[in-house]
Amino acid sequence: MKDDRIGAFLWQLCKDWNPDWGGAFYWAGAKDVLNGYQHASFNTLILFCINATSQHAVTPVTSNAK
């Protein structure tokens, strides 16, 4: 199956999220692009490009999350 996506988004809507609970967004961009984590924050929209060399994920959330 061919994937024609060029971009994606993540909209974070949890108030008072504790970074210790996990759920951080990780983006590994194309070659020579800064990679990193973005911890959840209320009403934050993250836009990112998708291509053959980029990867993204969300870190696991602990059972302590409220």
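The protein averages a pLDDT of 83, and 86% of its residues score at least 70. The model is predicted. Among the elements, β1 has the highest mean pLDDT, at 90. The lowest mean, 83, belongs to β3. Where pLDDT is low, the predicted coordinates should not be read in detail.

The fold contains five strands and zero helices. Along the sequence the pattern reads β-β-β-β-β. Of the contacts between residues at least 6 apart in sequence, 70% join residues at least 24 apart. Buried residues account for 24% of the 66 residues. The accessible surface comes to about 5,300 Å². Carbon and sulfur atoms contribute 58% of that surface.

The largest nonpolar core comprises five residues: Phe25, Trp27, Ile46, Phe48 and Ile50. At least two of these residues come from β2 (25–28), and at least two from β4. Phe25 also has contacts beyond its neighbours within four places in sequence. Core residues Ile46 and Phe48 are among them. Further partners of Phe25 are Leu10, Gly36, Tyr37, Gln38, His56 and Ala57.

A nonpolar patch lies on the surface and covers about 710 Å². Phe9, Trp11, Leu13, Phe42, Leu45 and Leu47 form this patch. β1 (7–12) and β4 (44–49) each supply at least two of its residues. β4 thus contributes at least two residues to the core and at least two to the patch. Phe42 sits in the loop between β3 (36–38) and β4. Its relative accessible area is 42%, so Phe42 is classed as partly exposed. Patch residues need over 30% relative accessible area, a cut-off that Phe42 passes at 42%.

Technical notes
Residues numbered from 1 in each chain as written. Predicted model: local features only at pLDDT ≥ 70, side-chain atom pairs only at ≥ 80, totals over all residues. Heavy atoms only, no water. Patch = residues over 30% accessible without salt bridge, like charges linked within 9 Å, V, L, I, M, F, W, Y side chains within 5 Å. Areas by Shrake-Rupley, 256 points an atom, 1.4 Å probe, with all protein chains shown as cover. Salt bridge = Lys/Arg side-chain N within 4 Å of Asp/Glu carboxyl O. Helix = DSSP H or I, 4+ residues; strand = E, 2+ residues; numbered from the N terminus. Buried < 20%, exposed > 50% of the residue type's maximum accessible area, 1.4 Å probe, protein only. Core = buried A, V, L, I, M, F, W, Y, C linked by side-chain atoms within 4.5 Å. Contact = heavy atoms within 4.5 Å. pLDDT = per-residue confidence, 0-100.
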